[in-house]
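Grab a coffee and work through these exercises with the viewer open. Each one is a task followed by a solution in steps.

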Amino acid sequence: MFAAAGLALPPDDPRPLFARADWMWVAGRPPVGFAVLGVLDGAAHLEQIAVDPAHGRRGIGGALLAAACADARRRGYRRMTLTTFRDLAWNAPWYARHGFAPVPESAWGPELREQWRVETDLGIVVAPRVVMARDLGA
């Protein structure tokens with residue numbers, strides 16, 4: 001999907017992401033999607049959500065996101081953050097429809113700043129990106 005949108009991302013091996021995850025959600029047997037979460041600056045942080053394009057546009061991503069947010073709330077987190085591409089329809093605009101809003105750089109904590117630096121160093125920033133957050137309630 002990214003290549004079709006004109007973005008050349010570096011090779012992506014999810015095994016290190018899975019190894020450092022605090023928790024994750026998996027959809028399907030065999031898996032067709034996943035959401036990987038960690039914690040940054042005391043907030044739940046959505047490291048990555050992915051759905052096999054052959055299974056896209058069926059609500060799997062939305063269900064994974066809803067489950068991840070509900071689970072984070074149950075775990076006591078009041079906020080979820082993420083980093084994503086600003087202008088891709090299935091990235092920032094999609095998260096905005098699910099209650100996420102951009103977070104100005106002045107409001108980033110030190111761990112979120114480090115996450116941004118790591119993503120930049122890995123070559124992920126091949127198009128404008130944004131930090132977003134959603135209030136998960138009490």
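**Exercise 1: the strand ladder**

Strand E2 (residues 33-40) and strand E3 (residues 43-51) pair in the antiparallel sense over eight bridges. The model is a predicted one, where local features need pLDDT of at least 70, side-chain atom pairs count only at pLDDT 80 or more, and totals for chains, interfaces and linings use all residues. Residues are numbered from 1 along each chain as its sequence is written, and side-chain values use heavy atoms, with hydrogens and water left out.

Task: starting from that pair, work out the strand order of the sheet.

Solution.
- Step 1: fix the terms. Helices (H or I, at least four residues) and strands (E, at least two) are DSSP runs, numbered from the N terminus. Two strands pair if DSSP finds at least two bridges between them.
- Step 2: check the register of the E2 and E3 hairpin. Gly33 has Val51 in E3 as its bridge partner. Two residues sit between the strands, and Asp41 takes a positive phi near 55°.
- Step 3: move on to strand E4 (residues 79-85), which pairs with E3 in the parallel sense over three bridges. Here Leu46 has Leu82 in E4 as its bridge partner.
- Step 4: go from E4 to strand E6 (residues 129-135), an antiparallel pair joined by seven bridges. Phe85 stands opposite Arg129 in E6.
- Step 5: put it together. The result is an open sheet of six strands in the order E1-E2-E3-E4-E6-E5, with mixed pairing. Its edge strands are E1 (23-27) and E5 (101-102), each pairing on one side only.

**Exercise 2: helices on the sheet**

Task: which strands do helix H2 and helix H4 lie across?

Solution.
- Step 1: list the elements. There are four helices and six strands, running α-β-β-β-α-β-α-β-α-β from the N terminus on.
- Step 2: take H2 (residues 60-74). It lies across E1, E2, E3, E4 and E6, at about 150° to E1. Contact means heavy atoms within 4.5 Å; axes are lines fitted to C-alpha atoms, for helices over the stretch in contact, and angles run from 0 to 180 degrees between N-to-C directions.
- Step 3: take H4 (residues 110-121). H4 lies across E2, E3, E4 and E6, at about 145° to E6.
- Step 4: pick a residue in H4, say Glu114. The C-alpha atoms of Glu114 and Leu40 are separated by 9.5 Å, though the two are 74 residues apart along the chain.

**Exercise 3: salt bridges**

Task: where do Glu47 and Asp121 find their salt-bridge partners?

Solution.
- Step 1: apply the rule, a side-chain nitrogen of Lys or Arg within 4 Å of a carboxyl oxygen of Asp or Glu. By this rule the count is nine salt bridges.
- Step 2: Glu47 meets Arg20 at 3.7 Å, N to O. That pair links distant parts of the chain, with Glu47 in strand E3 and Arg20 in helix H1, 27 residues apart.
- Step 3: Asp121 meets Arg117 at 2.3 Å, N to O. Both lie in helix H4, four residues apart, about one turn of the helix.
- Step 4: label the exposure of this pair (buried means under 20% relative accessible area, exposed over 50%, partly exposed in between; 1.4 Å probe, protein chains only). Asp121 counts as exposed because its relative accessibility is 55%, whereas Arg117, at 40%, counts as partly exposed.
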